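Take a moment with the sequence and the 3D view. This walk-through looks at pockets and at what lines them.

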Amino acid sequence: MSDPSSLLRTLAAAWPWSTTADPALDGALAYLGLPTDAATVDGAARVVGTLLGAAAVALGAAVSVATTPRWGAVVATAGAALGAGLPLAANRLPRLAARLARTRALGSAAALVGRAAMCLRIDPTVERAAAFAARTGNGALARSLDEHVGRAEGTPRSGFERFADEWSEGFPALSRAASRLEAAAAAPADERDRHLDRAVAAALEGARDELAAFTSEIRGPVTGLYAFGVLLPLALVGVLPAARATGVRVSLPLVVGLYDVALPVVVVGAGTWLLARRPVAFPPPRIGADHPDTPNRRLGGVAAGVGAGAVGAVVAARAVAPWATPVAALGLGTGTALVVHFRSAKRVRERVRATEEGLHDALYLVGRRVAAGEAVEVAIAEAAGRVDGATGDLLDEAAGRQRRLGLPVREAFRGEAGPLSTLPSRRVEGMATLLGLAATEGRPAGDALVATAEHVEELRRVEREARRELSRVTDTLTNTAAVFGPLVGGATVALSDRVAGTGASAGFGAGPLPTAALGVAVGAYVLWLAAALTVLSTGLTRGLDRTLVGYRVGAALCLATVAYCSAYVGAGLFL
């Protein structure tokens, strides 16, 4: 029963009615490598949703007896809605995960085409180029090409055509690039380089055009999400005290249901829709728990979170108000735990990015020397002294290992104690592979390395431009999540407290909202807003990089908690 697939089958068997298979969900589950099918997932989700809905109704009845019928109705309605929506989530979430995985895979398309182009510059055999591009890559795209290359063995095909057909729906430029690679293999020697340049340019322009179109497409939806999902609700929070003072009856259960239940569902749904439409995401470095520079921080993160939450709760109770205790404990505790947990991985990520900054210079310098007749080993040692920063250090360490141990070029970078053993970068691994190929092929590989260096620089330029354009759209979301939203929320609670203290609403027949309950309700809204908008902003700009998203969400939660409590105290001084 410990096997999740067995548990799903057991739950699905308890559903008394038949379920309909969904081919799209089956395809998503297969792509994700999950050992189950759509009918099983649907049946299990219906059973769990029904049990959750029944439990929510029972809990709502208990809350009605313990508190008031309104709060019982809020709990029962929220739980029943969650239970009813569970089958829909079980159908949509795997499809979303598969789409995001394909999006991340397509970010490697230009690099794959570039590797094939380099191989073709040395040897105009398209079958060898396809096999080389698949063998020297990692990720879903390289695995897919490798499968197609294997199927094409013994046939007149190279595997490129079927491979491009499989991925052309998500990235049409890949078909054009594959066609030009095959045309280059059949072209005369004096025209081959032009065809190869056009093949790589097709992949790069495809990525640029897809991201530019996506940026233009989401500008309106992001603005609408900000206006109706963030700005308008914050404005309504700000007028709550005035509304109560004029006799408008706004009940606390209504505030909780709107801000802590309905708005999260709407904003998360809209954000998910936006993330699902991202066409290409450049793959981030994969930093696993087994990385030597990322010791197991789970316990350390939990301990730091508990400590920060406890300190925050004490400070909030004394310096802010007793009701701020749970808000400070949750915000600072969760935020600190995330920051501590992902801090080491973020440092590794920064080291990877710093090393990738100089890849084009390294390839260019080595390529020029190899084209002039120098050995690759000598060219790497010479380039190490001329390339600045982390890239130069990497080359110097690899050159030293190669000289001391007599290793081949590729093994000088890789291996158990090689510089790449602690640097999880697909691009740097690709550079090491290309240098290893150049060491085998000799002088003809020099010009190919120079051309590849130009392609690497162009790919970095496309990535920078895409992030810059997307940041212009998402920066407002980020700032609102961490600062502006919490400031408005804290000032609103302080104003409501002032209205309650003066009894301004007594003559209109509407009593003031209790400050403690309102502070907790608005605080919960502020915290989920900080987390949700940070995930959305980071996902749109850089893709769902687990390390970056976790670290930024943690920092946003800490900042939002401090801003919220500070705004309440500061506004109270002037009201």
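Helices here are DSSP runs of at least four residues, numbered from the N terminus. The model is predicted.

Start with the largest pocket. Its volume is about 1,100 Å³. The lining is made up of 35 residues, and the closest to the pocket's centre are Arg-92, Arg-95, Leu-96, Thr-272 and Ala-276. Find those five and you have found the middle of the pocket.

Which helices each supply at least two residues of this lining? They are α2 (23–32), α4 (69–106) and α11 (252–276). Trace α4 with care, since α4 gives the most to the lining of the largest pocket, with 15 residues. By class, the lining of the largest pocket holds 20 nonpolar residues, 9 charged ones and 6 polar ones.

Now move to the second largest pocket. Its volume is about 400 Å³. Here 22 residues form the lining. Tyr-31, Ala-101, Arg-104, Ala-105 and Ala-140 lie nearest the centre of this second pocket.

Three helices, α4, α7 (140–152) and α8 (160–167), each supply at least two residues of the lining of the second largest pocket. Which of them gives the largest share? It is α4, with 6 residues. Sorted by class, the second lining has 10 nonpolar, 7 charged and 5 polar residues.

One helix is worth a second look. α4 gives the most to the lining of the largest pocket, and the largest share of the lining of the second largest pocket comes from α4 too.

Conventions:
Residues are numbered from 1 along each chain as its sequence is written. This is a predicted model: local features need pLDDT of at least 70, side-chain atom pairs count only at pLDDT 80 or more; totals for chains, interfaces and linings use all residues. Side-chain values use heavy atoms; hydrogens and water are left out. On a 1 Å grid over the protein atoms alone, a cavity is a set of points where a 1.4 Å probe fits but cannot get out, and a pocket is an open set with protein on both sides within 12 Å along at least five of seven lines; lining residues have an atom within 4 Å of a point. Grid points are joined across faces, edges and corners, and a volume is the space filled by probe spheres set on the points. Ala, Val, Leu, Ile, Met, Phe, Trp, Tyr, Cys and Pro count as nonpolar, Asp, Glu, Lys and Arg as charged, and the others, Gly among them, as polar.
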